[in-house]
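Thanks for coming. I will go through one structure this morning, starting with the overall picture and then moving to a few local details. Please have the sequence and the model in view.

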Amino acid sequence: MDISSSMFRPAGRIEDLGVSEILTITARAAALKREGRPVIILGAGEPDFDTPDHIKEAAVAAIRQGQTKYTVLDGSPEMKRAIRDKFRRENGLDFAANEVTAGAGAKQILYNAMMASLNEDDEVIVPTPCWTTYFDIVRIAGGVPVAVPCDDSTGFRLTAEALEAAITPRTRWLMLNSPSNPTGSAYGEEDYRPLIEVLHRHPHVWLMVDDMYEHITYDGFRFVTPAALDERLRDRCLTINGVSKAYAMTGWRLGYAGGPADLISAMAVVQSQSTSCPSSVTQAAAIAALDGPQDFLADRAASFAARRDLVVDALNAIDGITCRKPEGAFYTFASCEGLIGSTTTEGVRLDSDRDFCAWLLDAANVAVVPGACFGLPGCFRISYATSEAELGEALGRISDVCRALRRN
Ligand code: PMP
């Protein structure tokens, strides 16, 4: 009998991909916590707030009213109306009903868009550090992610020169995310304008923007989305958003987008053969989120701002660590370059950001994510979506163990 024929072999398209390293690190930290270790997890990209009551109530009411069946493929008429209203009200973008779509999270929207548009070896420009999902979705869709490294000298933002240099005849998309996971840096109008000019010189390149953290910005930062800045982009820009981060609805799974009708209908084809429609109950909740009161968003952003200040100040006070103050999202992306090459009290040398993060978990019981996971080694990401008390304790521990390192 041929034993090998019964062994599972993954498809080529996912052979080199693994489950997100962020999830693996978080799972390991959670397992240690279950064993009784006092682990503080600053790994997950999830608000610690609960979903507001008026949103939960809308879902309960939908269940009671029997809204428990399939809806229109890429969002019920009410869902699409709420999405269109949101884009008009908050972004000044006017989309027709056939120019918006809803799926099971912004992640599915991204997946639909890449699957619907990429041919083998088409290139997608992704400024790094970035949310690693962009790379893997592009690969699953048969495309080639093209990393354009950015560092804190430009606030981790892509410059017009770097964009121009990365464009080839095979470039299909430029992918931008503002405010950014993992750096928290955001593009203002003056940052977008030069990039848009480059795109006008290369009409074959489309723009995909991920605005997931739109409502989490600080210090009066003025959020803008590129499609609203230049009418000419409207024919080749997909604007992606979702309810996960703004409304603390990560588990509900609803993301949405607005863009050219042909692209939106191609995305519906992909969704029709994967998940069909997003959950009917979730759509009722998301409509309540988008239509309902928005004033609590500013209160939440204010409490995230206080946490950001606490984390950034504490990190910058540690010899060997430097951290830029982010404009938004709930992440800091600090350099630990100054500590690479140090030796721990146990005599172990820390040769990389991965070593540094593994050691922090062992020595300080704090879980953070290495910058290498996002395409920039020598750094680490902290998610500060947790209480100030817990953040204070975690940063105190990080500071204590780093002080005990033997520097070269
Ligand atoms: N975009 C970014 C930048 C994110 O960080 C995340 C979640 N980590 C998503 C999209 C996915 O959001 P959703 O829950 O809507 O799939």
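The UniProt entry, which is unreviewed, carries the annotation "domain: Aminotransferase class I/classII large", and that annotation covers residues 38–398. What you are looking at is a predicted model. Over residues 38–398 the chain is 39% helix and 16% strand. The C-alpha atoms at the two ends of that stretch are 14 Å apart.

Now the sheets. One of them is an open sheet of 7 strands, in the order β2-β8-β7-β6-β5-β3-β4, and the pairing is mixed. Its edge strands are β2, residues 100–103, and β4, residues 144–149, and each of these pairs on one side only. On average, neighbouring strands of this sheet are turned by 20 degrees against each other, if direction is ignored. Helix α3, residues 77–91, packs on the sheet and touches β2 and β8, the latter being residues 255–258. The direction of α3 makes about 120 degrees with that of β2.

As a general reminder, strands of a sheet pair through backbone hydrogen bonds, either parallel or antiparallel. Let me walk in from the β2 edge. β2 and β8 run antiparallel and are joined by 4 bridges. Within that pair, alanine 102 has tyrosine 256 in β8 as its bridge partner. On the next step, β7 and β8 also pair in the antiparallel sense, over 4 bridges, and there threonine 239 is matched with glycine 258 in β8. Then the sense changes: β6, residues 206–210, and β7, residues 237–242, pair in the parallel sense over 4 bridges. Threonine 239 comes up again here, as the bridge partner of valine 209.

Stay on β8 for a moment. Which way do its residues point? Gly255 and Ala257 point one way from the strand, while Tyr256 and Gly258 point the other way. All four of these are buried. In a regular strand, the side chains alternate between the two faces of the sheet.

Next, the ligand. Which residues come nearest to it? Of the 13 residues around the ligand, those are Gly105, Ala106, Lys107, Gly242 and Ser244. By class, the shell has 3 nonpolar, 8 polar and 2 charged residues.

The other sheet is also open, with 4 strands in the order β9-β10-β13-β12 and antiparallel pairing. β9 and β12, the latter being residues 369–370, stand at the edges with a single partner strand each, so one side of each has no neighbour in the sheet. Helix α11, residues 295–316, packs on this sheet, touching β9, β10 and β13, where β13 is residues 379–383. The direction of α11 makes about 10 degrees with that of β10. Between β9 and β10 there are 2 bridges, and the two strands run antiparallel. Across that pair, cysteine 323 stands opposite alanine 334 in β10.

Now some backbone details in the loops. Most residues other than glycine have a negative phi, and most peptide bonds are trans. Here are some exceptions. The peptide bond from threonine 128 to proline 129 is cis, with omega near 0 degrees. Proline 129 sits in the loop between β3, residues 123–128, and α5, residues 133–140. Serine 178 and proline 179 are also joined by a cis peptide bond, with omega about -15 degrees, and proline 179 is in the loop between β5 and α7.

For phi, alanine 248 is positive at about 50 degrees. Alanine 248 lies in the loop between β7 and β8, and it counts as buried because it has 21 C-beta neighbours inside 10 Å. Alanine 329 has a phi near 60 degrees, again positive. Its place is the loop between β9, residues 322–323, and β10, residues 331–335. Why does alanine 329 count as buried? Because it has 30 C-beta neighbours inside 10 Å.

I will finish with proline 182, in the loop between β5, residues 171–177, and α7, residues 189–201. With 30 C-beta neighbours inside 10 Å, proline 182 counts as buried too. What does proline 182 touch, leaving out residues up to four places away in sequence? The list is Pro129, Trp131, Tyr331, Phe333, Phe374 and Arg381. Pro129 is the cis proline I mentioned earlier. As for Tyr331, its C-alpha atom is 6.0 Å from that of proline 182, although the two are 149 residues apart along the chain.

Notes:
Residues are numbered from 1 along each chain as its sequence is written. This is a predicted model: local features need pLDDT of at least 70, side-chain atom pairs count only at pLDDT 80 or more; totals for chains, interfaces and linings use all residues. UniProt positions are given in the numbering used here, feature names are shortened, and annotations may be inferred rather than shown by experiment. A residue is buried if 20 or more other C-beta atoms lie within 10 Å of its own, exposed if 12 or fewer, and partly exposed in between; C-beta atoms are placed from the backbone. Two residues are in contact if their C-beta atoms, placed from the backbone, lie within 7 Å. Two strands pair if DSSP finds at least two bridges between them. Axes are lines fitted to C-alpha atoms, for helices over the stretch in contact, and angles run from 0 to 180 degrees between N-to-C directions. A residue is near a molecule or strand if its C-beta atom, placed from the backbone, lies within 6 Å of it. Ala, Val, Leu, Ile, Met, Phe, Trp, Tyr, Cys and Pro count as nonpolar, Asp, Glu, Lys and Arg as charged, and the others, Gly among them, as polar.
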